[in-house]
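Biologist: Could you take me through one part of this model slowly, as if I were new to reading structures? I'd like a close look at the open sheet and whatever is tied to it.

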Amino acid sequence: STDWFVQTNWTPNGIPNGSNTDVIIPSGTTNNAICNAPVTISDMLLENGAILTVNTNLNVTGIWSSKGTGTGIVMGTGQVILSGLYGNSVYGASQFYKLTMHTGADSVRLQASANVNVVKLLNLQSGRLTTNNGSLTLLSSDTVTAFIDDFSSGFTGTINGSVTAQRHVTGTGVMQHFVSSPINNAAVQDLLPGASGADAVFVTPQPTCDENALASGSNYGQVFEWRDDGPLTSGCYMANWKVRSSGNLQNGTCYSALLQGGTVYDVKGQPNTGDIAVTNLTNQDWTSVSMQGRVIASGWSFVGNPYPSVLDLNQVVSNQHIFTEGFDAQVQIYQPTGPYQGTYNPELMGSAGTQVQLAPFQAFMLFNPDLNSTKTFTFHQQERSTAANPVFYQQANQPVLEITVDGANGKDRTRIGFNDSAT
């Protein structure tokens, strides 16, 4: 049978459960082992592509290893807990649904060529996870995106080394997406290899401010950054977009990127944690009218979730963005519907009537209402959430008043909520 707790399923007969017990899971077995009750063992070896299902806690106090050309896979709803008093070593290629580090004073060390993939959750409860000799990847698919929890109450674990964070883009075709990076100062070319155009050079609009075409010879690319304090050439707001093709992404900043639906993108480096401030968010007191008659006013900044976890802007601390930092409560979240088409969805920060949960890589628009001013928006560690959010945008089904105006040239929405902290 598959039951971990049937003695005759093991050679020699006996149930492996004890901190001095080593376990080998062979590949190609008729019945893959399933663990449905808490177990503690010393060393675990998954042979060439072996599969283990864990639906509870599997504590490993010694070495975790996988050998052969295949990846050892741990399935199920439970978690593998690396809990060695003096740390754990990890060898080979393994994939975990949930992985927890809860070690003593020493650390979990990925050894040479170790390749660890996490499907849903990496808990850093205590200890230090050192990845320099191997690789650690937070996987993303059309159903789930892995995240790091180093922020829950009592969690003190840290990461020493690089992590690869993936982002699966839903849909089909190439569309413009507003994205940010959960990795500290990730490289532009990591996000979109082959991104072209003159880096940090603004585009040049037509004198008529045509929304559908730039001036002949204008700079162009696949990754763009918005600046409210841009050149505003010919009084056209489009001139405030600059191309990014090299260098690094700024933590907490939004980038407009042409991404292919059904594709997984990734960035690599040290994952962001702690409070992160985005500075120089201005309102330059300008108004621009496009050839199509669209009126755009200054004050909008593009920022984004800087963490490898969900950002919940409905936390109590989120009210600081409104009452202390001075930003408008309403934010706009862009959802593309075509290559250069989409809808801006309004949500309310800090509101009791709605919940703004932003997945890793999700960016949004923020408004500074004070003319000729410069502000700083600080993402708080307390705004991080363990909620699972596999897609770019999620809105909780809470009661709010929404007014939609639909005209020939587009659609506009206003959402009204109530804030218990308002005065």
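**The open sheet and its ties**

Modeller: Sure, let's start with how far to trust it. This is a predicted model, and the protein averages a pLDDT of 90, with 90% of the residues scoring at least 70. Two stretches to be wary of are residues 394-404, where the pLDDT is below 50, and residues 415-423, where the pLDDT is also below 50. Each of them still has contacts beyond near neighbours in sequence: 28 for residues 394-404 and 28 for residues 415-423. Where pLDDT is low, though, the predicted coordinates shouldn't be read in detail.

Now to the sheet. Four strands make up an open sheet, and going across you meet β17, β20, β18 and β19 in that order, with antiparallel pairing. The edges belong to β17 (174-179) and β19; each has a single partner strand, so one side of each is left without a neighbour in the sheet. As you step from one strand to the next, the twist averages 30 degrees. What holds strands side by side in general? Strands of a sheet pair through backbone hydrogen bonds, either parallel or antiparallel.

Let's zoom in on one edge. Strand β17 pairs with β20 (residues 255-260) in the antiparallel sense, over six bridges. One spot to find on screen is Val-179, whose bridge partner in β20 is Tyr-255.

Next, follow β18 (223-226), because there's a nice bit of charge pairing here: Glu-225 sits in strand β18, while Arg-244 is in the loop between β19 and β20, and the reason they count as a salt bridge is that their closest N and O atoms are 3.2 Å apart, inside the 4 Å cut-off. Glu-225 and Arg-244 are 19 residues apart, so this pair links distant parts of the chain. Are these two buried or exposed? Both Glu-225 and Arg-244 are buried. They also have company: Asp-199 joins Glu-225 and Arg-244 in a network of salt bridges.

There's a second tie around β18, and this one is covalent-looking on screen: the disulfide. The structure holds one disulfide, formed by Cys-209 and Cys-236, with their sulfur atoms 2.1 Å apart. Cys-209 is in the loop between α1 (188-191) and β18, and Cys-236 is in the loop between β18 and β19 (241-243), 27 residues apart. The link of Cys-209 and Cys-236 is right-handed, with 70 degrees about the S-S bond.

How buried are the two cysteines? Cys-209 has a relative accessible area of 3%, so it counts as buried, and Cys-236 is buried too, at 0% relative accessibility. Compare that with Cys-254, which is in no disulfide: the nearest cysteine sulfur, that of Cys-236, is 19 Å away. Cys-254 is buried as well, with a relative accessible area of 2%.

Technical notes
Residues numbered from 1 in each chain as written. Predicted model: local features only at pLDDT ≥ 70, side-chain atom pairs only at ≥ 80, totals over all residues. Heavy atoms only, no water. Disulfide = S-S within 2.5 Å. Helix = DSSP H or I, 4+ residues; strand = E, 2+ residues; numbered from the N terminus. Buried < 20%, exposed > 50% of the residue type's maximum accessible area, 1.4 Å probe, protein only. Pairing = 2+ DSSP bridges. Axes fitted to C-alpha atoms, helices over the stretch in contact; angles between N-to-C directions. pLDDT = per-residue confidence, 0-100. Contact = heavy atoms within 4.5 Å. Salt bridge = Lys/Arg side-chain N within 4 Å of Asp/Glu carboxyl O.
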